[in-house]
Amino acid sequence: MKNIAIIGGGVAGLTAAVYALRANAEVTLFEQFGLGGLVANIDKIENFPSYVSVEGWQLATDMASQAKKLGLKVVRQKVLELTKRDNKFVIKTDKGEYDFASVIVSTGTAHNKLGIEDGYVGKGVSYCATCDGNFYKGAPVAVVGYGNQAVREALYLADLCSKVYIIASNSALTAEEINVAALQNKGNVEVIYNAGVAEITGEEKVTGITVYANGGQRSIEVDGVFVAVGAAPISDFIQIDGLDKVKGYLVVDGRCETSVKGLFAAGDVTNGSLKQIVTACSDGAKAGSFAVSYAKTLK
Ligand SMILES: Cc1cc2nc3c(=O)[nH]c(=O)nc-3n(C[C@H](O)[C@H](O)[C@H](O)COP(=O)(O)OP(=O)(O)OC[C@H]3O[C@@H](n4cnc5c(N)ncnc54)[C@H](O)[C@@H]3O)c2cc1C
C-alpha cells in the first residue's frame, strides 16, 4: 500500500484520515495549527447528526482522538507548496520535502479582511467571537457582515457584551432563519442595514468606528470589531498544471477527486455548495476511501 497525505486537520481532513486508516493505508496529516480546524472555535453546534447540541472543541477533540487511535501520523507543519514530480506528489514545508502517492487537500478557507483593519488586529479587531469575545465582556462591540457567520458571531456576543451593532452591507440578514429569529429576541442588538465601516478609530486600540449608511456617516463607540465578511479558499500553494478551480475553490467529482489524478479534496476548500461540518465529513469519507483505491492501482 502506498502512502497518502492529508493537508489540513479540520473535520474534512480528520474524517478522510479515519476512512483511509481503516482501509489500512499509511496516512500522514499536515496541520499548521491544532487539530479540528474551524470547528474547534465554534461555541455550540446544533445541526450535526446525533447531537442535540455539542460544543465545537468537544467535537474536534473526539474526532482527533478517533483518528489518532487508528494510528494517524500528524506533522505539525504548514505546507508551503504541493507539486507533482515523476508521478509523485511532493509536499514542501519549511522543514523539508516529502513524497506521496496520493494527496487529499482539506485546507478550508481563510477569512476575508475589510482592508482597513491593519494595525488594529489583536488590538480590538478580531475574526472569531468565540476566541476573543470574552475580552469585551460588558463593552459595546460591532460585527461587520450579514450572513450566517455574522449572525452567529452577533448571537454569541449579545450574551457577553453591553451592545452589539451589526454593520450589514445588505438590506437583510441572509442567515439561517432560526438564528435570525433568535437575534431579534436579543434586546441589545442593533442592525444597521446598507452600511459599511469607513474607518476604525483609536490610538493604542479600537475605541470606535465610522459607519456610512443611507448617504450619511455616523460615529459609534465600540471596544471591539468582529469581522465576518466571508472567506476565501486556501489553494494557492498547489502548483500543479491542469488543476480545475472556480474562484480558487477546487473542483471535485463525485469521488472528491480533482481534475489531477490522485489528488483529492474535501470540505470548505472544494466547490461544494453547502459549507457545513456534515458535508465536510461526507467529502472526507469519499476522499479518504477513493484515495486508497487510487493508491492501490499504483505499481
Ligand atoms: C462562526 C462559524 C460557525 C459555524 N457553525 C457551524 C455549525 O453550527 N454547523 C455546521 O455544520 N457548520 C458550521 N460552520 C461551518 C463549518 O465550521 C465548516 O464548514 C467546516 O468546519 C469546514 O471544515 P474543513 O475541514 O473543510 O475546514 P477547516 O475547519 O477550515 O480546516 C482546515 C484546516 O486546514 C489547516 N490548513 C490550512 N492551510 C494549511 C497549510 N498550508 N498547511 C497545513 N495546514 C493548513 C487549517 O489550519 C485548518 O485546521 C461554521 C463556520 C463558522 C465560521
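This passage describes a ligand shell, two nonpolar cores and a small sheet in a predicted model. Local features require pLDDT of at least 70 and side-chain atom pairs pLDDT 80 or more, while totals for chains, interfaces and linings use all residues. Residues are numbered from 1 along each chain as its sequence is written.

Around the ligand stand 35 residues, of which Gly8, Gly10, Gly37, Gly108 and Gly267 come nearest (near: C-beta atom, placed from the backbone, within 6 Å). Helix H1 (11-22), helix H4 (148-158) and helix H6 (277-297) each give two or more residues to this shell (helices are DSSP runs of H or I of at least four residues, strands runs of E of at least two, numbered from the N terminus).

Turning to the interior, the largest nonpolar core holds 54 residues, and Ile4, Ala17, Ala20, Ile104 and Ala265 have the most contacts inside it. Such a core is a set of buried Ala, Val, Leu, Ile, Met, Phe, Trp, Tyr and Cys residues joined through C-beta atoms within 7 Å; buried means that 20 or more other C-beta atoms, placed from the backbone, lie within 10 Å of a residue's own. H1 supplies the largest share of this core, nine residues. A second, separate core has 36 residues, including Val144 and Val197.

Finally, three strands form an open antiparallel sheet in the order E6-E7-E8 (strands pair if DSSP finds at least two bridges between them). Strands E6 (81-85) and E8 (96-100) each have a single partner strand, so one side of each is left without a neighbour in the sheet. Five bridges join E6 to E7 (residues 88-93), and Leu82 has Ile91 in E7 as its bridge partner.

Note on methods. Buried ≥ 20, exposed ≤ 12 C-beta atoms within 10 Å, placed from the backbone.
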